[in-house]
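Student: Could you walk me through how to read cavities, pockets, helix packing and odd backbone angles in a model like this one?

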Amino acid sequence: MTIRRFTNRQGTYADEPALGLALRRGHVAGLSTAPRLWRFLGTKADAIRRGECLDRLAEICGVDPVALAHVSPVDAEGRHTRVFGHELPFGAIRRNVHRWCPECLAEAPYHRSFWDLTAMTHCVRHSRALERACPDCRRTLRFDRLDLTRCICRARLTKVTCDAVDNGDHDFDLWLMGRIGQCPATEEGLLADLSLSDAIALCERFGAHSLHPVGNYASTWRAEDDRVIMREGFRIAAGGRATLDGFLDHLIAHQEGRKANVGNGAGGWGAERAYGEFGTWLRGGVKKGSYTAMAAIAADHAERNVLLKSGSTVFGRKVQPSGAGLRSGGKLCGISPERFRRIAQDAGLYPATTRQGRPHRLPERAARDIQARLLDSINVVGAAAILGVHRKRAAEIVSSDLLPTHVDHARRAKGFYTVERAALADLLASLAPKETSHVVGDYAYPVTKVARSVGVPLTDVLRWIRDGRVTVVRLDEAAIGLQRLLVRTHDVIRVRKRERFGMSINEVAKRLGTKWEAVGQLVTMGYLKAERRGDVRWIEKDDVAAFEARYMRGPEAASLMGLHWKWAPRELAKLGVVPAIGRDRCQMTFYERSAAEAAITKWARQMPTTGEMSQHVA
C-alpha cells in the first residue's frame, strides 16, 4: 500500500508535537480545511492526540518517529499520558485549547509541545504569560486550525497584549522547562527526588493552601489565578526545609483561629487536624509511596508543634512525642495531673474531650508555658488560703471587680479559676489602713465575721472598705488574709441602710411576727420579691409595707377580736371571710386586711355588751 507524503518537508523542529506538525504541514501543502487534512493522512485528530499512528505520521512528514514520540503526548494505562519521557496524569495536558507565545510564533510559526502542559503559564524565553484568547475577539481558540498564526476572525496571533513579567514570576516555568530537558536545570529544593507528576501536584497544593489555609483546594483553584498559585507553591517547594516549616506554622496558625479547631475541638487531635486539608492530602500521598522526604520533615514539625497521641502514626512514621503527658506535665509544674489538664484546656493547649485510647501529649514548649504561668498565678484554692476565706468566697472575690480590670487575672474553664498572686497582694494592700483609729472599749471584729453576721456579701463590704465608706479600725497581726481586717459592726449596718439593701428574711419574719420559713414560702409563691446578693436574700422595705397593708395575720385578727388565735378563724368563717393564704400553703394564715377588718367590725356589733351579759346571767 502506497503512503502519501508531503512534498514540502522544509522546517522540522525538535519540540513540535504530532498534532502541531500535521496542522502546519497541511497548511503549507495548501489543504484548505482540517477534514481534507485528515482524509489525506488517513487518520483522525483524536487518534493523533492519543499518540496513535505516530509512525505513519512521521513517514508522511519525513521526521524521526522516535523524536516525534518523545515530544508528543502518548496515552498510557490508567488514564496517564507520557510526554518528554515523563508519565503525567491525563489532565496534565491541554488537548483542545490552544495557548501560545506571540513572540515565539513571530520568530517561528509552529506550535511548541510544552505549551500544552497545564502547569506551564509563562514563556521563559520572552518572560511573558502565555496567551489564552484572541487579542481582538477574545475567543478561546481550539487546537484544530491549519493556520496556527491567525484566529478565525483573521486577527494575527503574533500580536503582544501583555507586558513582560519579573524574573521571579516564572521561576516555576523555568524549573519545569529544565525538568523536561528544554533548558538548563535549576535549584529544586524539596522537588529533587520527586517525579514530575508528584512535583507539580506538590507545588499546586503548596500554592493553594498557602493562599487559603482553611479553604477548599478545588474552590481555591476556581477563585485564584493559576499563575499566582504555581508561583507561590514553587517558592515554598524550592526553599527547602526552612520554607516548609514556615508554611506548616502558617497552616497551624489559621487552623487555630478557625472555630478553635486546634484548641478546644472535640475528639482526638493530630497532625491532619492541625494542618487541615493539606495534612489529609499528605497522608494519602505517603501511603502511595510519594513525598517520603518531605513527610519526614513534616513529622518532625508535628512532634514539636502539634498535640499528638503517644505512639501514633504521623505521616507514615510512628512517633513518640518528646512533650509532656498529664502526669509528666503535672510533675514538671508541681501540680496534680487534673489541674494540669484544666490549665492546658483553659489555655487552648489540650482538647476539651478525648477519645478512648492512647493519651494525648503536649508539645514541650506548651508544658513550659504552663509552668511559667503557674509561677505567677494560683488557683482558687490557693487564693482562698491567701485570703483566709472559704473557696466559694474566694471565687466570688476573684470574679468580682475588686481586681484590676485591665489585666485578665481570672480565667475559668469548667469552674476552675486562675488568679495572679500579684493581684491578690495588691488587693490586700489596698484594703489595709494607712493608720489605725482604735480606742479603748471600741469593739471590732474580722470583716469576714461581720459580713456574715450582718447578712451582707463579703465582696460588698470589701468594696465599701476600698471606697472609704467603712473604716478598718486596726489589723490583727495574728490572723491571715482578710481576717486581719477588723471593722465595727454598726459601721457596716449604717452603710447597708444607706445602700437600700432592704430587709433580710429574718428581719422580715421578725417584723411580720412569724418564722423565717413562712417568709421563704411567701417569696416562693410570689407575694414578696427577694433579690439574692451573695448568700443572703434581700426584700425591699416598700414591698414588706405593701404586704402588711394588704394582708393581716391570723393572730392579729384574733387579738382584735379578743379571742384565742384558734377560735378566731371559726368566727371569721361564719362571717364569710376565708384565708387569702391558708395553712396548706404557708406556715402562717393571712387574711385580706380590708375584708377582715369589715368582718371584725360587724362581729363586734353583734356581740352583747357587759350589762346585757350580766342581766342574762342573772
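Tutor: We'll take the features one at a time, keeping in mind that this is a predicted model.

Student: Let's begin with enclosed space. How many cavities of 30 Å³ or more are there?

Tutor: A cavity is a place where a probe fits but cannot get out. The count here comes to three cavities of 30 Å³ or more. The largest of them holds about 110 Å³ of space.

Student: Which residues line the largest cavity?

Tutor: Pro-17, Ala-18, Leu-19, Ile-48, Arg-49, Pro-73, Ile-93, Arg-94, Arg-95, Asp-116 and Phe-143 do. Helix 1 (18-29) and helix 3 (45-49) are the elements that give two or more residues to that lining. Sorted by class, the lining has seven nonpolar and four charged residues, with no polar ones.

Student: And what volume does the second largest cavity have?

Tutor: About 60 Å³. Its lining includes Leu-23, His-98, Leu-141, Asp-147 and Leu-157. Phe-143 is worth finding on screen, as it is listed for the largest cavity and also for the second largest cavity. The class split for the second largest cavity is five nonpolar, one polar and five charged residues.

Student: Now for open space. How should I read the largest pocket?

Tutor: Unlike a cavity, a pocket is an open set of points. The largest pocket here has about 390 Å³ of space. Of the 21 residues lining it, Pro-89, Gly-91, Ala-92, Ile-200 and Glu-204 are the closest to its centre. Strand 3 (86-89), helix 8 (196-211) and helix 10 (226-239) each give two or more residues to the lining.

Student: Which element gives the most to that lining?

Tutor: Helix 8, with six residues. Overall, the pocket lining has 11 nonpolar, five polar and five charged residues.

Student: Helix 8 and helix 10 both came up there. At what angle do their axes cross?

Tutor: For a pair of helices, look at the distance between the axes and at the angle. Helix 8 and helix 10 have axes that come within 7 Å and cross at roughly 105°. That angle makes helix 8 roughly perpendicular to helix 10. Among the residues in contact are Ile-200, Cys-203, Glu-204 and Phe-206 from helix 8, and Val-228, Ile-229, Met-230 and Phe-234 from helix 10. The contact divides into 11 nonpolar, three polar and two charged residues. Notice that Ile-200 and Glu-204 are in this contact, and they are also listed among the residues closest to the pocket centre.

Student: What about helix 27 and helix 29; how do they pack?

Tutor: Helix 27 (residues 554-561) and helix 29 (residues 593-606) pack at about 20°, with axes 10 Å apart. Angles under 35 degrees count as roughly parallel, so helix 27 and helix 29 are roughly parallel to each other. Their crossing is right-handed. Glu-556, Ala-557, Leu-560 and Met-561 of helix 27 meet Arg-593, Ile-600 and Trp-603 of helix 29. By class, that contact has five nonpolar and two charged residues, and no polar ones.

Student: Last topic: backbone angles. What is unusual about phi of Arg-138?

Tutor: Most residues other than glycine have a negative phi. Arg-138 is not a glycine, yet its phi is positive, at about 60°. Arg-138 sits in the loop between strand 5 (128-129) and helix 7 (171-179).

Student: And where does Arg-154 lie?

Tutor: Arg-154 is also in the loop between strand 5 and helix 7. Its phi is positive too, near 70°.

Terms used
Residues numbered from 1 in each chain as written. Predicted model: local features only at pLDDT ≥ 70, side-chain atom pairs only at ≥ 80, totals over all residues. Heavy atoms only, no water. 1 Å grid on protein atoms, 1.4 Å probe; cavity = no way out; pocket = protein on both sides within 12 Å on 5 of 7 lines; lining within 4 Å. Points joined across faces, edges and corners; volume = space filled by probe spheres on them. Helix = DSSP H or I, 4+ residues; strand = E, 2+ residues; numbered from the N terminus. Nonpolar A, V, L, I, M, F, W, Y, C, P; charged D, E, K, R; others polar. Axes fitted to C-alpha atoms, helices over the stretch in contact; angles between N-to-C directions. Parallel < 35°, antiparallel > 145°, perpendicular 65-115°, else oblique. Left-handed = near helix turned anticlockwise from the far one by under 90°. Contact = heavy atoms within 4.5 Å.
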